[in-house]
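Trainee: I'd like a close look at the interior of this protein before I set up any calculations. Could you walk me through what fills the inside, and what does not?

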Amino acid sequence: MKAFEGSDFYNIDSLLNEEERMIRDTVRAWVSKEVIPIIEKHDREGTFPKNLIPQLAEMGTLGATIKGYECAGLSYTTYGLIMQELERGDSGLRSFVSVQGALCMYPIFAYGNEEQKQKYLPGMAKGKLIGCFGLTEPDFGSNPGGMLTRATKDGSSYILNGSKMWITNGGVADVAIVWAKTEDGVIRGFLVDKGTPGYSTKDVHGKFSLRASVTSELNFSDCRIPASNLLPNVQGLKGPFGCLNNARFGIAWGALGSMMAVFHEATEYAKTRIQFDKPIASYQLVQAKLAYMLQEITKGQLLALQLGRLKDRGEAKAHQISLAKMNNVSEALKISRMARDILGASGITDEYQVGRHMRNLESVNTYEGTEDIHRLVLGEYVTGIPAYR
Ligand code: TGC
Ligand code: FAD
């Protein structure tokens, strides 16, 4: 099969600067060499490829946009391109980097004090400390404001009680960012170190999606942490949502990587698969599917790039990020299903990538705000009326 070259129908490369292209190409080559050959095995066995963490750190992908603390200090557009390339390999790999950077390092950087930043950020940038982000609970997914996890002040400590569900990296994390309500009902962020008495995790098994990623439940039972582990500089839901803006931005780019992977595989397959004495690529119905894929990849790229430019200027709004996350992921899911269809029966085996991307994208469409929650965010923007309740 022809080597993967990405998709650039509108010469989007000409809109990127040299550093952006160079980093994109470095990560792309790394994914081809280090991820593609091993990822199906991890997906089959339900394991995360931990051995890749030092290389992810070496390439500056962990906390990539943070300035200082041994982080790469890259632009958001470059970060987006990195996420695109990682997700071309597997959504689980992009998830790992999203959670580490956007959901764990970012809140420490944005809401933490200097001592907390020095304690965690350099180790996290090097991949020596792994983080997880606990917002969702068993009974509060789309509506995290209803969370039951409580942090009760007791002298110079807080005592945490409650549980978090579906937490990426949970079982492997050295530190958890946990969102809990204090006695006054206000949501605050806490740093909980692995091994703290009363803090335990349990991995979720039997997933058909994001299999090469650790997903866990976090439990807190009279878990006493020092009051100095409170993130001092934010209060309320805007704390976790501020992190989600960055992670959702990365997902909008990541989905393009999945789209490109399945488009490439479906095109190559269609050109060589013979039915009724001709390659299936010669039939109009197959061409219509490939044309649709190219159309949606190109639209998604332009959307992500302009969002990246807005974010780099500090102008990207939460509802603009919602549109990009919703559109690019739902199109990626649609395209991956079409690609799987083009591969016929071959598309249901893990000899090919389409099935894995399709399964992964079901999670990506749900996490970080479901497709419909983002649709409602846009509905609220248009009408001024929140329709969640
Ligand atoms: P609402 O009353 O609208 O807002 C509460 C406060 O939050 C502020 N806010 C935001 N701030 C920054 N960025 C955003 N995107 C924000 N959205 C809201 C808002 O201004 C307000 O601030 P203040 O100062 O007035 O208090 O909140 P609501 O409870 O009505 O909820 C609205 C809704 C449904 C849109 C929201 O709850 C939502 O987005 N739900 C989806 C939940 C979600 O995305 N969960 C993600 C969990 S983490 C995850 O999935 C990680 S997967 C990682 C991986 O593996 O890659
Ligand atoms: P629900 O909120 O119960 O939604 C179920 C359905 O109801 C959806 O279709 C939804 O769109 C719809 N719905 C809900 N409310 C409304 C409404 N008002 N109007 C119309 N429709 C509505 N969370 C974390 O905190 N940290 C993580 O690291 C993390 N990692 C994850 C990894 C994976 C693999 C997965 C699958 C999830 C992860 N999550 C994580 C959780 C994720 O954010 C939630 O699954 C997501 O927010 C949706 O919540 P829910 O699953 O409880 O679904």
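Mentor: Happy to. The domain bounds I use here come from an automatic or database domain assignment, and please keep in mind that this is a predicted model. The protein chain is split into domain 1 (12-125), domain 2 (131-229) and domain 3 (238-383). The centres of domain 1 and domain 3, taken over C-alpha atoms, are 20 Å apart. Where these two touch, domain 1 contributes 29 residues and domain 3 contributes 36 residues.

Now for the inside itself. The largest nonpolar core holds 97 residues, and those with the most contacts within it are Trp30, Leu56, Leu86, Phe133, Trp179 and Met293. Helix α6 (residues 238-272) is the element that gives the most to this core, with 16 residues. Another core, of 17 residues, lies apart from it and includes Cys132, Ala173, Tyr199 and Ile225; by numbering, these four named residues fall within domain 2.

Two residues help to make the packing concrete. Leucine 56 touches Trp30, Thr61, Leu62, Leu86, Leu93, Phe96 and Val97, leaving aside residues up to four places away in sequence. Trp30 and Leu86 are themselves listed with Leu56 among the residues with the most contacts in the core. The other example is isoleucine 335, which sits in helix α8 (residues 318-342). Isoleucine 335 counts as buried because its relative accessibility is 0%. With the same sequence neighbours left aside, isoleucine 335 touches Met259, Val262, Tyr292, Met293, Glu296 and Ile297. Among these partners, Met259 and Val262 belong to α6 by their numbering. Its C-alpha atom lies 8.3 Å from that of lysine 289, although 46 residues separate the two along the chain.

As for what is left unfilled, the structure has one cavity of 30 Å³ or more, and the volume of the largest cavity is about 80 Å³. Its lining consists of Gly63, Ala64, Thr65, Ile66, Tyr76, Tyr79, Gly101, Ala102, Tyr106 and Asn246. Both α3 (76-89) and α4 (91-111) supply at least two of these residues, and α4 gives the most, with three. Sorted by class, there are six nonpolar and four polar residues in the lining, and no charged ones. Asn246 falls within domain 3, while Tyr76 and Tyr106 fall within domain 1, so that is a good place to start when you explore the model.

Methods:
Residues numbered from 1 in each chain as written. Chains lettered and ligands numbered in written order. Predicted model: local features only at pLDDT ≥ 70, side-chain atom pairs only at ≥ 80, totals over all residues. Heavy atoms only, no water. 1 Å grid on protein atoms, 1.4 Å probe; cavity = no way out; pocket = protein on both sides within 12 Å on 5 of 7 lines; lining within 4 Å. Points joined across faces, edges and corners; volume = space filled by probe spheres on them. Helix = DSSP H or I, 4+ residues; strand = E, 2+ residues; numbered from the N terminus. Nonpolar A, V, L, I, M, F, W, Y, C, P; charged D, E, K, R; others polar. Core = buried A, V, L, I, M, F, W, Y, C linked by side-chain atoms within 4.5 Å. Buried < 20%, exposed > 50% of the residue type's maximum accessible area, 1.4 Å probe, protein only. Contact = heavy atoms within 4.5 Å.
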